[in-house]
Structures are given as structure tokens and as C-alpha cells.
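Grab a pencil and work through these exercises with the model open beside you. Try each task yourself before you read its solution.

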Amino acid sequence: NMEPDFDRLFECLKSGSDGGEIVIAAWIMTHPHSDHYQCFIGFADKYESDVRLEKVLLNFPEADDTKNFPELTYNDRRFEEDVSEIANIPRMYERIERLGGEIFTAHTGQIYKIGDAVCEILVSLDDIIGRSQSINASSIVIRMELCGQVILWAADTSFSETGLADKYGKYLKSDILQVPHHGFQCGDPADEIKGYDYICPKVCLLPVSDFNAYIAICTYRESSRYLMNMAAVEQIITGDKTRTINLPYMPSGNEKREIERQYLSGLDNSGACTWVYTNLS
């Protein structure tokens with residue numbers, strides 16, 4: 001949610017518009033954590049005259065709902081203004097109104113048709129309000145059918161707190177998975193692993209830097225490690241640069257070896273080795 005992000009996003013949209021008007025058919029905000037919605041605020045301030053926003057899809061708690069989600073009130077005291085999530089939600093709504101976007105509140109079970117994409121809402125705030133204080137667990141989870149493929153957008157959801165695997169079972173099977181919570185795990189790893197077995201993706205989108213993916217964080221989370229070693233997974237797309245894939249998307253066939261190389265190299269570079277010395281005098 002910093003200025004370089006506003007510019008990178010605009011350049012990405014511009015490159016996809018073929019030189020014509022930039023039309024955002026739907027801006028999806030999965031949950032009110034700064035890395036999932038606040039870029040919109042600065043982007044709107046800087047580029048509102050350069051884009052046309054048609055719809056916004058979200059299901060956020062009300063701005064005064066601190067009882068269920070006290071973490072939203074955290075304010076970084078380094079700043080003069082209130083920069084808590086709860087303060088930024090009204091600012092987001094102000095920008096949406098300014099850009100003229102129509103707001104749709106996403107509820108579990110709804111289906112939205114956006115262009116050629118069919119988006120089914122599998123999880124939303126509906127499933128955890130009053131039962132969990134995790135705002136991550138309130139993430140909108142979308143099963144998207146597009147170009148003959150199924151993409152599961154898991155945002156930062158918790159498979160444990162939403163009961164995703166038990167609720168949907170084999171219906172979760174997807175060609176492409178956006179790994180939940182940046183691969184940092186959220187909840188009981190056993191529930192996440194059960195979900196991965198049902199999803200059984202060929203391609204994983206892991207939105208985190210290579211360093212965090214293979215050296216610092218993800219390989220030490222039980223569920224992420226399980227996913228990286230699943231036989232069905234042929235490619236994991238990571239990194240902190242903009243990546244574009246064209247649908248329908250299939251790995252070329254060499255990416256499985258790259259996963260193994262990165263995984264083993266990450267373990268080595270982080271010092272995650274145990275040396276056993278025997279028969280010492």
C-alpha cells in the first residue's frame with residue numbers, strides 16, 4: 001500500500017488495456033488487511049481520472065465492529081493520523097463512491113458472472129462472524145471458472161475456522177490454487193493439508209518473495225511444505241515481481257524440477273540441516 005504499488009498496478013492495467021480505456025470490471029477486496037485493500041485508496045487518489053471502475057465486490061465488517069475484530073483497531077503510532085484498518089475502511093468507501101463503482105456485498109453461495117469468469121463465493125464474513133476474531137478467516141474465497149479451468153482464490157482464509165475442506169470436499173478440485181495466507185499457514189495445518197488433498201492443483205500461485213517462500217518462512221510451515229512436495233503440483237509461481245499467465249495455463253513440464261531445486265536450496269541456505277557426529281573420541 002505504498003506509492004510504488006499504485007504505479008505498478010496502474011502500469012499493469014495499462015499494459016492489459018491495449019492502449020484503450022482502462023475499465024475495471026470488478027475490484028475484489030477479500031478482507032480488510034492493509035495488504036489486501038489499502039492500495040486502492042492511494043491508487044484512486046492518484047489515478048481516478050485515468051480509469052473507469054464498474055463494480056466492487058467485498059464483505060467487510062462494519063467500521064464500528066471492534067467487538068468481533070479488535071485487531072482492526074491497531075494504530076501505528078509513528079503516524080500522525082489514525083492508520084488503523086478500521087479508520088481506513090471509511091476512506092476506502094469514500095474513494096469507491098468518488099469513482100462511481102457499484103458495491104456488491106459477497107455472500108457465501110452467491111455466483112457472480114464477470115466477463116467470461118464465473119465466480120462462486122465459497123467463504124465470506126458470513127461463515128465466521130461471531131465465531132472467530134480472525135479477520136483473515138473472513139476472507140472471500142472464490143472458485144472461479146475461466147477458459148475451461150478452475151482457479152481457487154483463497155486469499156488469507158483459515159481452512160480450520162471456516163471448515164472449508166469438510167464443507168466442500170472434492171468440489172474444491174482446482175487447476176490453479178492461490179495459496180492461502182501467502183503460505184504462512186493460518187490455523188491447524190492438518191485442516192489445511194486436508195484441503196490441499198481435495199484441491200490437488202497443478203499450479204500454485206504463492207504471493208510472496210522467493211526468499212520468504214523457500215528460505216525464511218513457507219518451507220517451515222507444515223502445510224506449505226506438504227504442498228511443495230505434493231506429486232500433483234507441477235509448478236509454484238512465486239516472486240515479488242509482476243507475473244502474467246495466459247489462460248488456459250499449463251506448465252511446460254520442467255517446472256517440477258525447479259520446485260525441488262528451490263526447496264532443497266532453500267533448506268541449505270537457511271541452515272536447516274542437522275549434522276550427526278558419531279564415534280568421536
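**Exercise 1.** Is Asp45 buried, partly exposed or exposed?

*Solution.* Start with the cut-offs: buried means under 20% relative accessible area, exposed means over 50%, and partly exposed is in between (1.4 Å probe, protein chains only). Asp45 has a relative accessible area of 39%, so Asp45 is partly exposed.

Before you go on, a word on the model: it is predicted, so local features need pLDDT of at least 70 and side-chain atom pairs count only at pLDDT 80 or more, while totals for chains, interfaces and linings use all residues. Residues are numbered from 1 along each chain as its sequence is written, and side-chain values use heavy atoms, with hydrogens and water left out.

**Exercise 2.** Which residue forms a salt bridge with Asp45, and how far apart are the closest N and O atoms?

*Solution.* Step one is the idea: side chains of opposite charge can pair when their charged atoms come close. Step two is the rule: a salt bridge needs a side-chain nitrogen of Lys or Arg within 4 Å of a carboxyl oxygen of Asp or Glu. Step three is the pair: Arg95 is the partner, with the closest N and O atoms 3.0 Å apart. This pair links distant parts of the chain, since Arg95 sits in helix 4 and Asp45 in helix 3, 50 residues apart. (Helices are DSSP runs of H or I with at least four residues, numbered from the N terminus.) Arg95 has 13% relative accessibility, so Arg95 counts as buried.

**Exercise 3.** Which other side chain does Arg95 meet in a salt bridge at 3.4 Å, N to O?

*Solution.* Look at Glu94: its side chain and that of Arg95 meet at that distance. Glu94 has a relative accessible area of 46%, so Glu94 is partly exposed.

Now try another pair. The side chains of Glu145 and Arg143 meet in a salt bridge at 2.6 Å, N to O. Glu145 is partly exposed because its relative accessibility is 38%, and Arg143 is buried because its relative accessible area is 11%. Elsewhere, salt bridges that share partners join Asp45, Glu48, Glu94, Arg95 and Arg98 into one network. Count them up by this rule and you get 16 salt bridges.

**Exercise 4.** Which residues line the largest cavity, and how much space lies in it?

*Solution.* First, the method: on a 1 Å grid over the protein atoms alone, a cavity is a set of points where a 1.4 Å probe fits but cannot get out, and lining residues have an atom within 4 Å of a point. The volume is the space filled by probe spheres set on the points, which are joined across faces, edges and corners.

Next, the result: the structure holds 1 cavity of 30 Å³ or more, and about 50 Å³ of space lies in the largest cavity. Its lining is made of Val179, Cys204, Leu206, Ser224, Leu227, Met228 and Ile236. Helix 9 (residues 222-228) gives the most to this lining, with 3 residues.

Finally, sort by class: Ala, Val, Leu, Ile, Met, Phe, Trp, Tyr, Cys and Pro are nonpolar, Asp, Glu, Lys and Arg are charged, and the others, Gly among them, are polar. The lining of the largest cavity then splits into 6 nonpolar, 1 polar and no charged residues.

Note on methods: Helices (H or I, at least four residues) and strands (E, at least two) are DSSP runs, numbered from the N terminus. On a 1 Å grid over the protein atoms alone, a cavity is a set of points where a 1.4 Å probe fits but cannot get out, and a pocket is an open set with protein on both sides within 12 Å along at least five of seven lines; lining residues have an atom within 4 Å of a point.
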